[in-house]
Amino acid sequence: MGTPTKEQVLAAYGNAPQFVRDVFNAETTTQVVIGIQAQYGLHIDIAGVVGKQVGYLLLGLVNASQFLGGLLTAGIPEPEARQIMQE
């Protein structure tokens, strides 16, 4: 699957269990992405890609290898991308 469409994201969100929607919308999830941005010195646009990829992963729209691919495509070097995945 390539980048999920808005319709796919909305459908996956609507079908997700409540606890997944809670994590998806949680301020702490946003804070984790902001922390990753600061820790790795990511530009705001790249941090946005990280945030989207996290959302896609939570909703089951991408798997771990696709998540990594999204980070690499955004220009994050592989060692840092793998570290971000562990976060």
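Colleague: Setting aside neighbours within four places in sequence, which residues is Ile84 in contact with?
Modeller: In this predicted model, Ile84 is in contact with Ile36, Tyr40, Leu42, Val50, Leu71 and Ile76.

Colleague: Which residues of the largest nonpolar core touch the most other members?
Modeller: That core has 19 residues, and those touching the most other members are Leu42, Val50, Leu59, Leu61, Leu71, Ile76 and Ile84.

Colleague: And which helices each supply at least two residues of this core?
Modeller: Helix 1 (6-15), helix 3 (27-40), helix 4 (44-58), helix 5 (64-73) and helix 6 (78-86) each do so.

Colleague: How many helices and strands does the protein have?
Modeller: The secondary structure consists of 6 helices and 0 strands, and the pattern along the sequence reads α-α-α-α-α-α.

Colleague: Why call the protein as compact as a globular protein of that length?
Modeller: Its radius of gyration is 13 Å, and the globule rule gives 12 Å for 87 residues; the two values are close, so the description applies. Along the principal axes, the C-alpha atoms fill a box of roughly 35 × 30 × 20 Å.

Colleague: What share of the contacts between residues at least 6 apart join residues at least 24 apart?
Modeller: That share is 49%.

Colleague: Turning to the surface, what is its accessible area?
Modeller: The accessible surface of the protein is about 5400 Å², with 58% of that belonging to carbon and sulfur atoms. Buried residues account for 30% of the 87 residues.

Colleague: Finally, how many positive and negative charges are there?
Modeller: The protein has 4 positive and 7 negative charges, and their mean positions lie 9 Å apart.

Technical notes
Residues numbered from 1 in each chain as written. Predicted model: local features only at pLDDT ≥ 70, side-chain atom pairs only at ≥ 80, totals over all residues. Heavy atoms only, no water. Helix = DSSP H or I, 4+ residues; strand = E, 2+ residues; numbered from the N terminus. Rg over C-alpha atoms; globule rule 2.2 N^0.38 Å. Buried < 20%, exposed > 50% of the residue type's maximum accessible area, 1.4 Å probe, protein only. Contact = heavy atoms within 4.5 Å. Areas by Shrake-Rupley, 256 points an atom, 1.4 Å probe, with all protein chains shown as cover. Lys, Arg positive; Asp, Glu negative; His and termini not counted. Charge placed at Lys NZ, Arg CZ, Asp CG, Glu CD. Core = buried A, V, L, I, M, F, W, Y, C linked by side-chain atoms within 4.5 Å.
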